[in-house]
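Dear colleague,

Please find below the structure I am handing over to you. A short account of what was found in it follows.

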Amino acid sequence: MSRHSRSRNLPPIVAFPPSSRKRTLPPNDQSPALGDQPRQLSSTELTTAEMDSIRRLMIVAFGSEDEFTDADWEHALGGRHFIVEWSGDIVAHAAVIERELQLGDRALRTGYVEAVATAPDLQGQGIGSQLMEAVNAFIRETYELGALGTGRLAFYGRLGWLRWLGPSFVRTADGLVRTEDDDGWILVLPTSTSPALDLSAPISCDWRPGDVW
Ligand SMILES: CC(C)(COP(=O)(O)OP(=O)(O)OC[C@H]1O[C@@H](n2cnc3c(N)ncnc32)[C@H](O)[C@@H]1OP(=O)(O)O)[C@@H](O)C(=O)NCCC(=O)NCCS
């Protein structure tokens, strides 16, 4: 998931929601947003309208099309989506994509988290945490490891994610390439099938266009 994204040609995006006023969830977690588990579906099950809605949400939550690019959107497709809806809107989203990470020389089937955001006017009310609890549960029952790249260390740290302290690399056709700009911004989530983790060991990801981590 990119922390610093680059600009691409995207269709014009309207503000989400149309008003910039803050929406407040009803007390006692009785709102649909916090009362139900996030909906889970694969990319192929998303309607075109849902895809557009999620993409708009990402661009507004990340701040601009420069911060959430075409490549960032491509990175969010092909796996499992987690969606929170409220008052007919998709108000939060996360995706988990399968990638192969290597810790030292051990390859791990990894659930890589992408495109996490809550509508700006609903942030700070627990929706993102609820979403990530569902993502965590899915990763724990499906993968040998969870991973993501982020600048929001405290948010994920509170939810059990650990900061990788070792040097990061990407595996390319020409071999391992250092990704020092990503050092310290990669988090992992251990699962019951993870090996013992040495957080200071080298870590590498498979190559992809755009931000590799
Ligand atoms: C990161 C993000 C997804 C969090 O979503 P959110 O719905 O605001 O998440 P929560 O409300 O569960 O938690 C946000 C903060 O509010 C606090 N909070 C949660 N419920 C709260 C409540 N009822 N009252 C007050 N504060 C609350 C949490 O402690 C949390 O603090 P922390 O980030 O320091 O841990 C959201 O800020 C966002 O979309 N940011 C822009 C996109 C982005 O940066 N995505 C992640 C990049 S990897």
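Is Ser204 buried or exposed? The model is a predicted one, and within it Ser204 counts as buried because it has 24 C-beta neighbours inside 10 Å; the cut-off for a buried residue is 20 or more.

The position of Ser204 may be described further. Ser204 belongs to strand 10, which covers residues 203–206. Leaving aside residues up to four places away in sequence, Ser204 is in contact with Leu101, Gln102, Phe169, Val170, Arg171 and Leu176. Between Ser204 and Pro167 there are 8.6 Å in space, from C-alpha to C-alpha, although the two are 37 residues apart in sequence.

As regards the protein chain as a whole, five helices and 10 strands are present. The chain has 213 residues, of which 36% are buried. When contacts between residues at least 6 apart in sequence are considered, 75% of them join residues at least 24 apart.

The model also holds a ligand, with 18 residues around it. Those that come nearest to the ligand are Thr118, Gln123, Gly128, Ser129 and Thr150. By class, the shell comprises eight nonpolar, eight polar and two charged residues. At least two residues of this shell are supplied by each of the following elements: helix 2 (48–62), strand 4 (106–118), helix 4 (127–142) and helix 5 (153–158).

With kind regards

How values were computed: Residues are numbered from 1 along each chain as its sequence is written. This is a predicted model: local features need pLDDT of at least 70, side-chain atom pairs count only at pLDDT 80 or more; totals for chains, interfaces and linings use all residues. A residue is near a molecule or strand if its C-beta atom, placed from the backbone, lies within 6 Å of it. Helices (H or I, at least four residues) and strands (E, at least two) are DSSP runs, numbered from the N terminus. Ala, Val, Leu, Ile, Met, Phe, Trp, Tyr, Cys and Pro count as nonpolar, Asp, Glu, Lys and Arg as charged, and the others, Gly among them, as polar. A residue is buried if 20 or more other C-beta atoms lie within 10 Å of its own, exposed if 12 or fewer, and partly exposed in between; C-beta atoms are placed from the backbone. Two residues are in contact if their C-beta atoms, placed from the backbone, lie within 7 Å.
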